[in-house]
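Dear colleague,

Please find below the structure that I am handing over to you, together with its sequence. My findings follow it, arranged by topic.

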Amino acid sequence: MSTNKNSKLKQFSALPMTSKAVAERLLAFNKWRTGEDDRTMDEADLKPRQITLDIEFAIKELEKL
């Protein structure tokens with residue numbers, strides 16, 4: 001990941017952008033998306049912008065493999 005992109009991710013995310021933290025948030029999102037968690041996004045503390053950042057982070061990490 002370029003330094004500029006990495007700084008953008010950190011700049012817009014108040015949450016940790018580690019592989020473990022991102023995976024936990026994406027797993028929580030997927031449970032909500034598939035109906036396993038039937039709470040609203042707000043109730044599940046899911047933030048669309050954070051999910052976008054998490055997906056971008058995951059893609060960049062996978063591209064390194």
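**Overall picture**

Of the 65 residues in the chain, 23% are buried. Please bear in mind throughout that this is a predicted model. The chain contains three helices and zero strands, so that its elements, read from the N terminus, follow the order α-α-α. Among contacts with a separation of 6 or more, 64% join residues that lie 24 or more positions apart. The chain exposes about 4,800 Å², and carbon and sulfur atoms supply 55% of that area.

**Confidence**

The mean pLDDT of the chain is 88, with 82% of the residues at 70 or more. Among the elements, helix 2 has the highest mean pLDDT, 97, whereas helix 1 (residues 3–12) has the lowest, 55.

**Helix 3 and its two sides**

Helix 3 comprises 16 residues, from 48 to 63. From its first C-alpha to its last it reaches 23 Å, close to the 22 Å expected at 1.5 Å a residue. Its buried residues are Gln50, Ile51, Leu53, Asp54 and Phe57. Because these residues cover an arc of only 160° around the axis, they fall on the same side of helix 3. On the other side of helix 3, Pro48, Leu62 and Glu63 are exposed.

Two residues illustrate what the buried side of this helix meets. Glutamine 50, in helix 3, has a relative accessible area of 8%; because the cut-off for burial is 20%, glutamine 50 counts as buried. Leaving aside residues up to four places away in sequence, glutamine 50 touches Ser13, Ala14, Leu15, Met17 and Arg25. Phe57, also among the buried residues of helix 3, is touched by serine 19.

**Serine 19**

Serine 19 belongs to helix 2, which spans residues 19–33. With a relative accessible area of 49%, serine 19 is partly exposed. Besides Phe57, serine 19 touches Glu61, again not counting residues up to four places away in sequence. Serine 19 and alanine 58 are 39 residues apart in sequence, yet their C-alpha atoms are 7.6 Å apart in space.

**Salt bridges**

How many salt bridges does the structure hold? There are five, and I describe three of them here. As general background, side chains of opposite charge can pair when their charged atoms come close.

In one of these pairs, aspartate 54 forms a salt bridge with arginine 25, and the closest N and O atoms are 2.8 Å apart. This pair links distant parts of the chain, since aspartate 54 sits in helix 3 and arginine 25 in helix 2, 29 residues apart. Are the two partners buried or exposed? Both aspartate 54 and arginine 25 are buried. Arginine 25 is also one of the residues that glutamine 50 touches.

Another salt bridge joins glutamate 63 to lysine 60, at 3.7 Å from N to O. Both residues are in helix 3, and because they are three residues apart, about one helical turn separates them. Glutamate 63 is exposed, with a relative accessible area of 54%, while lysine 60 counts as partly exposed at 30% relative accessibility.

Aspartate 45 pairs with lysine 47 in a further salt bridge, the closest N and O atoms being 2.8 Å apart. Lysine 47 has a relative accessibility of 43% and therefore counts as partly exposed.

**Aspartate 45 and its backbone**

Where does aspartate 45 lie? Aspartate 45 is in the loop between helix 2 and helix 3. With a relative accessible area of 54%, this residue is exposed. Its backbone also deserves a look: aspartate 45 has a positive phi of about 60° although it is not a glycine. Most residues other than glycine have a negative phi.

**Points to view**

When you open the model, you may wish to begin with the salt bridge between aspartate 54 and arginine 25, both of which are buried. Helix 3 may then be viewed from the side that carries Gln50, Ile51, Leu53, Asp54 and Phe57, and afterwards from the other side, where Pro48, Leu62 and Glu63 are exposed. When looking at helix 1, please keep in mind its mean pLDDT of 55.

With kind regards

Conventions: Residues are numbered from 1 along each chain as its sequence is written. This is a predicted model: local features need pLDDT of at least 70, side-chain atom pairs count only at pLDDT 80 or more; totals for chains, interfaces and linings use all residues. Side-chain values use heavy atoms; hydrogens and water are left out. Helices (H or I, at least four residues) and strands (E, at least two) are DSSP runs, numbered from the N terminus. The expected span of a helix is 1.5 Å times one less than its number of residues. Buried means under 20% relative accessible area, exposed over 50%, partly exposed in between (1.4 Å probe, protein chains only). The arc is that of the directions from the helix axis to the C-beta atoms. Contact means heavy atoms within 4.5 Å. A salt bridge is a side-chain nitrogen of Lys or Arg within 4 Å of a carboxyl oxygen of Asp or Glu. pLDDT is the predictor's confidence in each residue, from 0 to 100. Accessible areas come from the Shrake-Rupley method with a 1.4 Å probe; for residues, only the protein chains shown count as cover.
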